[in-house]
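Subject: Structure for you, with notes

Hi there,

Here is the structure I promised to pass on. My notes on what turned up in it follow just below.

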Amino acid sequence: MVQVEETKLPGVGVRHDFQGKYGKRVGVLTHRDGRREIYVTRGDDPDACAESITLSEEEAEAVSDLLGGSTITRRLSAMVQEVEGLAFDWVPLAPTSPFLNRPLGETHLRSRTGASIVAILRGGGAIAAPEPSFVLRASDTVVILGTSEGVRAAEHILAEG
């Protein structure tokens, strides 16, 4: 069984890689913005990149589907990354959220949890630093930043009110 190593890269994202059967390391670097880089190192120097390909999030999903999907992809989508005491997570807004079709400010997340919604992912794009008047929609994914406890509390509030 292949042993995949995970390395969190503060400010960049997460790197997953493994030692290949024929002497080269193979890996995927997942940037915080969703971009993925597939890379292969040179056989004589595992720190030297021999080849890399940058994929958009959509292209990475297509390659993953072609390869049969993986546990890493599932773990990444559910993962909360911690960077020097901060945590952030991408949370799809539940169809039962009491905040659907309501302004973001009505959540009062920052005052209730200390965590902030720093971006909204919608329609293949991102809205950075949304205003309190920004209206949440069913297809939105919110990006929450705060302490681990604050992020978890914000997820709970968004789901249940």
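In these notes, a salt bridge is a side-chain nitrogen of Lys or Arg within 4 Å of a carboxyl oxygen of Asp or Glu. Please keep in mind that this is a predicted model.

**Salt bridges**

The search over the whole structure came back with five salt bridges. One of them pairs Asp17 with Arg15, where the closest N and O atoms are 3.7 Å apart. That distance counts because the cut-off is 4 Å. Asp17 is buried, with 6% relative accessibility, whereas Arg15 is partly exposed at 29%.

Another joins Arg102 to Glu106, and here the closest N and O atoms are 2.6 Å apart. Both ends are partly exposed: Arg102 has a relative accessibility of 32%, and Glu106 has 35%.

Then there is the salt bridge between Arg122 and Asp140, again with 2.6 Å between the closest N and O atoms. This pair links distant parts of the chain, 18 residues apart: Arg122 belongs to strand S8 (residues 116–122), while Asp140 sits in the loop between strand S9 (125–128) and strand S10 (141–146). Arg122 is partly exposed at 27% relative accessibility. Is Asp140 buried or exposed? Asp140 is buried, with a relative accessible area of 1%; it falls in that class because buried means under 20%.

You may also like the network: salt bridges with shared partners connect Glu5, Arg15, Asp17 and Arg25.

**The strands around that network**

Some of those residues come up again in the strand pairing. Strand S1 (residues 5–9) and strand S2 (residues 13–19) run antiparallel and are joined by five bridges. Within that pairing, Thr7 has Arg15 in S2 as its bridge partner, and Leu9 stands opposite Gly13 in S2. The hairpin of S1 and S2 has three residues between the strands, and Gly11 takes a positive phi there, near 80°.

S2 also pairs with strand S3 (residues 25–31), antiparallel once more, through seven bridges. Gln19 has Arg25 in S3 as its bridge partner. Arg25 is therefore a residue to look at twice, given that salt bridges with shared partners place it in the network with Glu5, Arg15 and Asp17. In the hairpin of S2 and S3, five residues lie between the strands, and Gly23 has a positive phi near 95°.

**Backbone angles outside glycine**

Most residues other than glycine have a negative phi. Which residues go against that here? Two to look at are His108, with a positive phi of about 55°, and Ala129, whose phi is near 45°.

His108 lies in the loop between strand S7 (86–92) and helix H3 (109–113). Its relative accessible area of 48% makes His108 partly exposed. Ala129 is found in the loop between S9 and S10, the loop that also holds Asp140. Ala129 is exposed, with a relative accessible area of 56%.

**Aromatic and nonpolar side chains**

How many aromatic pairs does the structure hold? There is one. Phe88 and Trp90 make it up, in an edge-to-face arrangement with 5.3 Å from centre to centre and 75° between the planes. The label is edge-to-face because the planes are over 60 degrees apart. Phe88 counts as buried at 10% relative accessibility, and Trp90 as partly exposed at 24%.

On the surface, Leu86, Val118 and Leu145 form a nonpolar patch, with about 200 Å² of accessible area together. Val118 is in strand S8, the strand that also contains Arg122. Val118 is partly exposed at 31% relative accessibility, and it can belong to the patch because the cut-off there is over 30%.

**If you have only a few minutes**

I would start with these spots:

- Arg122 and Asp140, the salt bridge that links distant parts of the chain.
- Glu5, Arg15, Asp17 and Arg25, joined into one network by salt bridges that share partners.
- His108, with its positive phi of about 55°, and Ala129, with a phi near 45°.
- Phe88 and Trp90, the edge-to-face aromatic pair.

Happy to talk any of this through whenever it suits you.

All the best

Key
Residues are numbered from 1 along each chain as its sequence is written. This is a predicted model: local features need pLDDT of at least 70, side-chain atom pairs count only at pLDDT 80 or more; totals for chains, interfaces and linings use all residues. Side-chain values use heavy atoms; hydrogens and water are left out. Buried means under 20% relative accessible area, exposed over 50%, partly exposed in between (1.4 Å probe, protein chains only). Helices (H or I, at least four residues) and strands (E, at least two) are DSSP runs, numbered from the N terminus. Patches are made of residues with over 30% relative accessible area and no salt bridge: like charges are joined within 9 Å, nonpolar side chains (Val, Leu, Ile, Met, Phe, Trp, Tyr) within 5 Å. Accessible areas come from the Shrake-Rupley method with a 1.4 Å probe; for residues, only the protein chains shown count as cover. Two strands pair if DSSP finds at least two bridges between them. Rings of Phe, Tyr and Trp (its six-membered ring) pair if their centres lie within 6.5 Å; planes under 30 degrees apart count as stacked, over 60 as edge-to-face and the rest as tilted.
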